[in-house]
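This report describes one protein chain for a reader who has not met it before. The sequence and the model come first, and the description follows.

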Amino acid sequence: MFELAPILTYVAVVIGLFLIPGPAVLLVITRTLQGGRKVGIATGLGVASGDLIHTLCAALGLSAILMTSAVAFNVVKIVGACYLIYLGIRAFMAKPGATTRKDLPTVTSTQAYFQAVVAEVLNPKTAIFFLAFLPQFIHPESGSSLAQFAVLGLIFSGLSAVYTTLISVSIRPLSKWMVGLSRLRRWEGKIIGTLFLGLGLKIALQQR
């Protein structure tokens, strides 16, 4: 279906894109600092799952609606932004815990996973990115376009899962260090809330 050279080019481009921190990476970092390595990894897997959904939508042509319809784009954008802002307000309004992290709105790995899926799916910029990016590597003469979309999406999501897992693993020492600093722990909810609010506002202000 694919020749080796185009696949290697695709992988190189995707890795290059990952090196530019975006909302997904910031979400993984935030969740790792808040809930630890498992929660961070679950968040990364949620992002990767959201990317798979976007790939399926692009393959079926549904993402074209977001590119051609300003109304559809704005509706999805507002819903996604509001969801992240809601998470940010919850964290920001949490009572500071000088002696414990229990006052922070904690999440389980499962909750973090599904929240990440929702956040990624409701980011219309991601949908349009997949619609614009993936077709460059689709060659109808090589076989089923749907199958090619699926392969490229699996590669992208797999690389995304590996990348975010590495981030969660490497940032864990920083999380432990932050837990030991009572002054920072007082502001932990504010920091996490600000990050979520920033992600929501970034999505809300992005242009088509």
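How far apart do the end C-alpha atoms of residues 146-166 lie, and what percentage of the span is helix? Those end C-alpha atoms lie 30 Å apart, and the span is 100% helix and 0% strand. Helices here are DSSP runs of H or I with at least four residues, strands are runs of E with at least two, and both are numbered from the N terminus.

The model is predicted: local features need pLDDT of at least 70, side-chain atom pairs count only at pLDDT 80 or more, and totals for chains, interfaces and linings use all residues. Residues are numbered from 1 along each chain as its sequence is written, and side-chain values use heavy atoms, with hydrogens and water left out.

## The chain as a whole

The protein chain has 10 helices and 0 strands. In sequence order its pattern reads α-α-α-α-α-α-α-α-α-α. The chain has 208 residues, of which 41% count as buried. Buried means under 20% relative accessible area, exposed means over 50%, and partly exposed lies in between, with a 1.4 Å probe and protein chains only.

The chain exposes about 10700 Å², and carbon and sulfur atoms supply 72% of that area. Such areas come from the Shrake-Rupley method with a 1.4 Å probe; for residues, only the protein chains shown count as cover. Among contacts with a separation of 6 or more, 84% join residues 24 or more positions apart. A contact means heavy atoms within 4.5 Å.

An unreviewed UniProt entry carries the annotation "transmembrane region" for residues 6-29, 71-92, 113-134 and 146-166. UniProt positions are given in the numbering used here, feature names are shortened, and annotations may be inferred rather than shown by experiment.

## Helix H3 and its partners

Helix H3 covers residues 37-60 and includes Ala-48. Asp-51 also lies in H3, as does Ala-58. Ser-160 belongs to helix H8 (residues 145-179), and Leu-131 to helix H7 (residues 124-133). The table gives the accessibility of these residues.

| Residue | Relative accessible area | Class |
|---|---|---|
| Ala-48 | 5% | buried |
| Asp-51 | 3% | buried |
| Ala-58 | 5% | buried |
| Ser-160 | 4% | buried |
| Leu-131 | 18% | buried |

Which residues does Ala-48 touch, not counting those up to four places away in sequence? They are Ser-157, Ser-160 and Ala-161. Ala-48 and Ala-161 are 113 residues apart in sequence, while their C-alpha atoms are 5.7 Å apart in space.

With the same exclusion of residues up to four places away, Asp-51 touches Glu-120, Thr-126, Phe-130, Phe-156, Ser-157 and Ser-160. Seen from helix H8, Ser-160 is in contact with Phe-18, Val-47, Ala-48 and Asp-51, leaving aside its neighbours within four places.

Ala-58 links H3 to other parts of the sequence. Its C-alpha atom is separated by 5.3 Å from that of Leu-131, 73 residues away along the chain. Between Ala-58 and Leu-134, 76 residues apart in sequence, the C-alpha distance is 8.4 Å.

## Helices H2 and H6

The expected span of a helix is 1.5 Å times one less than its number of residues. Helix H2 (residues 23-35) has 13 residues and should therefore span 18 Å, which agrees with the 18 Å between its end C-alpha atoms. Its buried residues are Val-25, Leu-27, Val-28, Thr-30, Arg-31, Thr-32, Leu-33 and Gln-34. Just after H2, Gly-36 takes a positive phi of about 100°.

Helix H6 (residues 109-121) also has 13 residues; an expected span of 18 Å agrees with end C-alpha atoms that are 18 Å apart. Buried in H6 are Ala-112, Gln-115, Ala-116, Val-117, Ala-119 and Glu-120. An α-helix has 3.6 residues a turn, so residues three or four places apart point the same way.

## Aromatic rings and cysteines

How many aromatic pairs does a search of the whole structure find? It finds 1 aromatic pair. Tyr-113 and Phe-114 form this pair, edge-to-face, at 5.1 Å centre to centre with 80° between the planes. Rings of Phe, Tyr and Trp (its six-membered ring) pair if their centres lie within 6.5 Å; planes under 30 degrees apart count as stacked, over 60 as edge-to-face and the rest as tilted. Tyr-113 is partly exposed, at 25% relative accessible area.

The structure holds 0 disulfides, a disulfide being a pair of cysteine sulfur atoms within 2.5 Å. Cys-57 is partly exposed at 24% relative accessibility, and Cys-82 is partly exposed at 46%.
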